[in-house]
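Welcome! Here is a short tour for anyone meeting this structure for the first time. Please take a look at the chain and the fold before reading on.

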Amino acid sequence: MPKSSSKPTNRYAELPVDQIACYANNPRVTKNPEYERIKNSLEKNGIESPLVVTLKPGDKTYTLQAGGNTRLNIAQSLHEAGDDTFAKVPCIVKQWTSEISVLVSHMRENDIRGNLMFIERALGVMEFARLATAPDGEPPSQRELARQLSEHGYSISQPVISAMDYAVNRLYGLLPTALEHGMGRRQVTSIRALEHCAVKLWDRQCADEAGQFADLFSELVKNCDGATFDLDELTTNVAHEISVAAELDINAVLLMLDAERTGDPIALDSYVPVVPDETRKHDEPVETRPFNLDRELQKLRSTAVEACVALADRYELSDCVHVMIDARFGYCMCELPKRNATKFQVGVWKVLATACDQTRASKRVLKQILKPESRLAQTLENALARNAYDAVRDLDLIDCGDRLLHAIEDADWHLLVDLLGAYRRMRRLADEHGLNLWKD
């Protein structure tokens, strides 16, 4: 007799479109930027890929189980407009498991398509935390949340969860427009750092009003909401409020805020305002700092590493990055993307590998850096260095534009620009000075 299996069975069915509901907790809060393209495709070709649905016990209406919210919305609107083609739609019906499983399926599906903003991913993770909290229990810690997400096949690091928590529970009510127009993790983290430093400085300089800056900071943040967000404007406004309350020079406050951010706070009496020399001739030549190649390369490496690490963390490629801040281009890709990596992740991996000129590295140099058990090291054993990347050459230029450059979040795009700018400058300096940064 064949062995029995507890694996849930799926079935194909054509279901009435009005008996299917979009997922209520879908992380997307903004209109899909691909809406018009998808609508045109559905009008011409119908629904070519079945929707994946499930039926919660006790419900009479099916729920989308993994993505498809945009397609369902369009199909329902076309049916309501009189197009009987969409009276029934093809579906794969999956057995109901749990609310958390459905949520994670939608999060994963949206990540595969690569078109969720940071705030949308954050809302999904915070909803997961709510569902994971037992009745009358404490919500899971961020580390525990990261562990549970990983168990459900959605890996995300604790620092990212921390930024998401701040974005949803602190900033979303103050900066809804900015967040829904693409504000990313880096800006969220910068705002949180500014608030932390400003509160400490306020409490130190305005001891009589200690503990009262949080509400004022909220108002200052709210006043900066818009399609574009200017951190410098917020910083200046914060410094102005502190300078007025503490009767300090605003430049002194800005200096102290910056010192707080770097972890080296300064005392007020160490600040001496610079008085401009009005007698100095405007045409007097300004002494410039002599060019230092090593210093310039090190500055560019730092920029490249910061951008690379942030992008790798964002797209779950951290295990693929090896940092070497004082050598070469600052980092290299020490592992191939996972075999089940999405094309979007593969695209980011290829950009990161390109921006450290890794294909110019010899087999001998790479073997000194890579761990012997890595897939990339094992691939090198039986291949020339230039052929070791064949396994990830499945994203052509058209796919790169459609899946990566078009869909990447604005904040991640700025990181990408910083990374490629640092790479181009290092290559040019290497060419000008006859350097081979991947030399044995």
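Let us start with a single residue: arginine 147 is partly exposed, and its relative accessible area is 39%. Please keep in mind that this is a predicted model.

**Salt bridges**

What does arginine 147 form with glutamate 144? The two make a salt bridge, and their closest N and O atoms are 2.5 Å apart. Both residues belong to helix H5 (residues 142–151), and because they are three residues apart there, about one helical turn separates them. Glutamate 144 is also partly exposed, with a relative accessible area of 26%. The story has a third member, since Glu151 joins Glu144 and Arg147 in a network of salt bridges.

Some background helps here: side chains of opposite charge can pair when their charged atoms come close. In the structure as a whole there are 15 salt bridges. Three of them are set side by side below.

| Pair | N to O distance |
|---|---|
| Arginine 147 and glutamate 144 | 2.5 Å |
| Glutamate 260 and arginine 204 | 2.6 Å |
| Arginine 427 and aspartate 357 | 3.3 Å |

The second pair in the table is a salt bridge between glutamate 260 and arginine 204. Glutamate 260 sits in helix H11 (residues 250–261) and arginine 204 in helix H8 (residues 185–205), so this pair ties together parts that are 56 residues apart in sequence. Is glutamate 260 buried or exposed? Glutamate 260 is buried, because its relative accessible area is 8% and the cut-off for buried is under 20%. Arginine 204, on the other hand, is partly exposed at 40%.

In the third pair, the side chains of arginine 427 and aspartate 357 meet in a salt bridge. This pair links distant parts of the chain, 70 residues apart. Arginine 427 is found in helix H17 (residues 410–432), while aspartate 357 is in the loop between helix H13 (343–354) and helix H14 (363–369). Aspartate 357 is buried, with a relative accessible area of 6%.

**The sheet**

Now turn to the strands. In what order do the five strands of the open sheet run? The order is E1-E5-E3-E4-E2, and the pairing is mixed. At the edges are strand E1 (11–16) and strand E2 (20–21), each of which pairs on one side only. Within the sheet, strand E3 (residues 51–54) and strand E4 (residues 62–64) pair in the antiparallel sense over two bridges. For a closer look at this pairing, find threonine 54: its bridge partner in E4 is threonine 63.

**A nonpolar patch**

The surface has a nonpolar patch formed by Val309, Val323 and Ile325. Together these residues have about 200 Å² of accessible area. One of them, valine 323, lies in strand E6 (residues 321–323). Valine 323 is partly exposed, with a relative accessible area of 40%.

**Around asparagine 237**

Our last stop is asparagine 237, which lies in helix H10 (residues 231–246). Asparagine 237 is partly exposed, with a relative accessible area of 27%. Which residues does asparagine 237 touch, not counting those up to four places away in sequence? They are Leu220 and Cys224. Valine 221 is 16 residues from asparagine 237 along the chain, and the C-alpha atoms of the two are separated by 9.2 Å.

Notes:
Residues are numbered from 1 along each chain as its sequence is written. This is a predicted model: local features need pLDDT of at least 70, side-chain atom pairs count only at pLDDT 80 or more; totals for chains, interfaces and linings use all residues. Side-chain values use heavy atoms; hydrogens and water are left out. A salt bridge is a side-chain nitrogen of Lys or Arg within 4 Å of a carboxyl oxygen of Asp or Glu. Helices (H or I, at least four residues) and strands (E, at least two) are DSSP runs, numbered from the N terminus. Buried means under 20% relative accessible area, exposed over 50%, partly exposed in between (1.4 Å probe, protein chains only). Patches are made of residues with over 30% relative accessible area and no salt bridge: like charges are joined within 9 Å, nonpolar side chains (Val, Leu, Ile, Met, Phe, Trp, Tyr) within 5 Å. Accessible areas come from the Shrake-Rupley method with a 1.4 Å probe; for residues, only the protein chains shown count as cover. Two strands pair if DSSP finds at least two bridges between them. Contact means heavy atoms within 4.5 Å.
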